[in-house]
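Work through the exercises below with the sequence and the model open. Each task is followed by a solution in steps.

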Amino acid sequence: MGWYGDHIVPRLVNKTCGIALLEPLRDRVCAGLRGRVLEVGFGSGLNVPFYPRTVDDVAAVEPSDLGWKLATDRLADTSVPVVRSGLDGQSLPFPDNSFDSAVSTWTMCTIPDVETALREVRRVLAPGGTLHFVEHGLAPDTKVQRWQHRFEPVQKAVAGGCHLTRDIPSLLDSAGFELRDLDVFYQDGTPRIMGALSLGVAVR
Ligand SMILES: C[S@@+](CC[C@H](N)C(=O)[O-])C[C@H]1O[C@@H](n2cnc3c(N)ncnc32)[C@H](O)[C@@H]1O
């Protein structure tokens, strides 16, 4: 990733993704998690305060050492056992059917081969297991989409490989998930090119 990716991006993500505006969304996404949980793209643990009591433990997958370090205080404040168990969502070090639920928040934009990562998440979920997600991606309006395509190279360079134009519902569908409770909307207070969100549950 280089120095900028290793030392600046994780701090940038901790600040920009840590704003209070996003907390109600984290709360909504985490609400249905239960049992053994996989979190892909754990970052600095911004979802930790929102894990419900139905969560037994969490396997965190996160490549950034600094992201994991920035999670220290949140991990100290939770009673949920969280173990950093992997570094790459594209190749998960777990047997098939290992988890009851999984969570991904603002991560599918960044994983380089997101198709492979989603197939991996599906593989390690037990049958009927659920992936709870909120992700930004391709906007529903063509005018916004045009701006997303124009701005994407800048976004990728500045934000650690973050794409603006990924069609999240269709990626989940192609990976074999059944979509449930899908909500597609623009996040208030965020430029539309970055604030076109898909929030929902995908069932294995
Ligand atoms: C925009 S951040 C979101 C972080 C966190 N999910 C949140 O909601 O604050 C994207 C995260 O994906 C992680 N990431 C990048 N490549 C990844 C990969 N191959 N596997 C798993 N996570 C990855 C980044 O390190 C970063 O923590």
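The model used here is predicted.

**Exercise 1. Surroundings of a helix**

Task: State what covers the buried residues of helix 5, then list those residues and describe how they are placed around the axis.

Solution. Step one: the cover over the buried residues of helix 5 includes strand 1, strand 4, strand 5 and helix 7. Step two: the residues beneath are Val114, Ala117, Leu118, Glu120, Val121 and Val124. Step three: viewed down the axis of helix 5, these buried residues fall within an arc of 155°, so they line one face of the helix. The general background is that an α-helix has 3.6 residues a turn, so residues three or four places apart point the same way.

**Exercise 2. The nonpolar cores**

Task: Which residues of the largest nonpolar core touch the most other members, and which element gives the most to this core?

Solution. Step one: the core has 24 residues, and Leu38, Val121, Leu131 and Leu172 touch the most other members. Step two: at least two residues each come from strand 1, strand 2, strand 4, helix 5 (114-124), strand 5 and helix 7 (168-174). Step three: helix 5 gives the most, with 5 residues. Step four: a second, separate core holds 21 residues, among them Val37, Phe50, Tyr51 and Ala60. In soluble globular proteins, nonpolar side chains tend to be buried together.

**Exercise 3. The sheet**

Task: Give the strand order of the sheet and explain why strand 3 and strand 6 each have one side without a neighbour in the sheet.

Solution. Step one: the sheet is open, has 7 strands and follows the order 3-2-1-4-5-7-6, with mixed pairing. Step two: strand 3 (82-86) and strand 6 (178-186) are at the edges and have a single partner strand each, so one side of each lacks a neighbour in the sheet. Step three: from one strand to the next, the twist averages 20°. Step four: helix 2 (residues 23-30) lies across strand 4 (99-105), strand 5 (125-136), strand 6 and strand 7 (196-203), and its angle to strand 7 is about 15°.

**Exercise 4. Strand 1 and its partners**

Task: How many bridges join strand 1 to strand 2, and how many pair strand 1 with strand 4?

Solution. Step one: strand 1 (residues 35-40) and strand 2 (residues 55-61) run parallel and are joined by 6 bridges. Within this pairing, Val55 is the bridge partner of Gly35, and Ala60 stands opposite Glu39. Step two: strand 1 also pairs with strand 4 in the parallel sense, over 3 bridges; here Leu38 stands opposite Ala102. Step three: beyond its neighbours within four places in sequence, the contacts of Leu38 include Ala59, Val61, Leu92, Phe94, Phe99, Val121 and Val124. Step four: 5 of the 6 residues of strand 1 are buried, so strand 1 is largely enclosed by the rest of the structure.

**Exercise 5. Two residues with positive phi**

Task: Where are Asn97 and Trp106 found, and is each buried or partly exposed?

Solution. Step one: Asn97 lies in the loop between strand 3 and strand 4, and its phi is near 60°, a positive value in a residue other than glycine. Step two: Asn97 has a relative accessible area of 43%, so it is partly exposed. Step three: Trp106 lies in the loop between strand 4 and helix 5, with phi near 50°, again positive in a residue other than glycine. Step four: the cut-off for buried is under 20% relative accessible area; Trp106, at 13%, therefore counts as buried.

Key:
Residues are numbered from 1 along each chain as its sequence is written. This is a predicted model: local features need pLDDT of at least 70, side-chain atom pairs count only at pLDDT 80 or more; totals for chains, interfaces and linings use all residues. Side-chain values use heavy atoms; hydrogens and water are left out. Two strands pair if DSSP finds at least two bridges between them. Helices (H or I, at least four residues) and strands (E, at least two) are DSSP runs, numbered from the N terminus. Axes are lines fitted to C-alpha atoms, for helices over the stretch in contact, and angles run from 0 to 180 degrees between N-to-C directions. Contact means heavy atoms within 4.5 Å. A nonpolar core is a set of buried Ala, Val, Leu, Ile, Met, Phe, Trp, Tyr and Cys residues joined through side-chain atoms within 4.5 Å. Buried means under 20% relative accessible area, exposed over 50%, partly exposed in between (1.4 Å probe, protein chains only). The arc is that of the directions from the helix axis to the C-beta atoms.
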